[in-house]
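Open the model in a viewer and keep the sequence panel visible. The stops below are given as selections, each followed by what is there.

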Amino acid sequence: LNPHHSHNELDLSSTSPTGDKDAVVNLDHGDPTMFEPFWKESGQKSTVVISGWHSMSYFSAAGAQLCWFLEPSFAKEVRRLHAIVGNAITDNRPVIVGVGSTQLIHAVFFALSSSSSGEPNQQPVPIVSAAPYYSMYPGIADLLKSRLFHWAGDASTFKEGGNSSFIEIVCSPNNPDGAIRRAVLDSEAGKQVHDLAYYWPQYTPMRGPADEDIMLFTVSKATGHAGTRIGWALVKDADVARKMVKFIEMNSIGVSKDSQIRAARILQVVSDGYDLPDSKAFAWLRCDDESIKDDCEGFFKSMKVLTRSGKHFGAGPEYVRISMLDRAHNFNLFVERISSSRGLG
Ligand code: PMP
């Protein structure tokens, strides 16, 4: 990272020394601005230009699909990034886009508590999470004092009521303590929601692809673009997915196309960064020219480049192994010498 990038007009924490002394350091919000220098380095690659006529419709090109406001380019980059990182299985489940994962949490509470039969006397479904839990869950659950669901606190002390249903939200790695979690309640009556906002390699070691029924992610934490307000859900059950889409339709008639296009580009830049050819530790070369194939090692030695003959590896003298682990300066000298050598075409 370029050290100059940490001193700029946006960086309020790096003002004058006296300013620093009196500055209030606000570490209350989980605002992911630490990634700003990274994105400044990425320059044009992550810049998005959207023409005036573009994305004007409520509908997206995926209009016929379950999530009719989902930008196909965004869905494609979500699946691609999960495949590269290996943190979630995306096969056989639709991507549902939301205004941050916050809207998806509202949507999933609605979807899991509204029965298709629409029983009029349904008791509000309790929603629990093991303490310490993300501070927004109780507020999101109780905001509208819904007849469908209500906040019921700490999952560890929750008393299940026979077969009455409940929802457990499992955040892993957990906000606030970073713990790796599984559901604490295990009964047929419970439905689980996995908030995997922090299941990315910059926060925690990867433990293989998550394969939960309902998984929530957000660009806020994946790349730091909290202001873009884009999250996504991977949902196995088609009925639950449909109800979540219904919620978003009623709540905001879909999700900003502009934001989805920007998020798609941001995810693409991350994936492109990993999609490089393998950089191996050694080059394994074969000398094909008649004049040198009996002693490839000797050929390189005549250029003052020491290699290891294939003979030491149970292969023939036409092979050499060349280390690519040396300092850049030495490696560049090697490249210069072979480029000007007559023996190589
Ligand atoms: N879940 C967890 C665990 C979070 O920490 C946050 C953000 N603090 C969110 C969901 C919501 O993120 P957003 O709405 O920005 O996607």
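Two strands count as paired if DSSP finds at least two bridges between them. Helices (H or I, at least four residues) and strands (E, at least two) are DSSP runs, numbered from the N terminus. Residue numbers start from 1 along each chain as its sequence is written. The model is predicted, so local features need pLDDT of at least 70 and side-chain atom pairs count only at pLDDT 80 or more, while totals for chains, interfaces and linings use all residues.

**Stop 1: the open sheet.** Select strands S8, S10 and S9, which form an open sheet in that order with antiparallel pairing. Strand S8 (282-286) and strand S9 (308-309) are the edge strands, each pairing on one side only. Between S8 and strand S10 (residues 319-323) there are five bridges in the antiparallel sense. To check the register, pick Arg286, which stands opposite Tyr319 in S10.

**Stop 2: the annotated span.** Now select residues 279-340. In an unreviewed UniProt entry, the annotation "domain: Alliinase C-terminal" covers residues 25-274 and 279-340; UniProt positions are in the numbering used here, feature names are shortened, and annotations may be inferred rather than shown by experiment. The span 279-340 is 29% helix and 19% strand, and its end C-alpha atoms lie 24 Å apart.

**Stop 3: strand S7 and its partners.** Select strand S7 (residues 230-235). Six of its six residues are buried, so S7 is largely enclosed by the rest of the structure. Buried means that 20 or more other C-beta atoms, placed from the backbone, lie within 10 Å of the residue's own (exposed: 12 or fewer; partly exposed: in between).

Which residues point one way from S7, and which the other way? Ile230, Trp232 and Leu234 point one way, and Gly231, Ala233 and Val235 the other. In a regular strand the side chains alternate between the two faces of the sheet.

Add strand S1 (residues 95-99), joined to S7 by five bridges and running antiparallel; Val99 has Ile230 as its bridge partner in S7. Then add strand S6 (residues 214-218), which also pairs with S7 in the antiparallel sense over five bridges. Phe217 stands opposite Trp232 in S7.

**Stop 4: helix H4 and the ligand.** Select helix H4 (residues 100-113), which gives the most to the shell around the ligand, with three residues. In H4, 13 of the 14 residues are buried, so the helix is largely enclosed by the rest of the structure.

Finish on the ligand. Of the 13 residues around the ligand, Gly100, Ser101, Thr102, Thr218 and Ser220 come nearest; a residue is near if its C-beta atom, placed from the backbone, lies within 6 Å.
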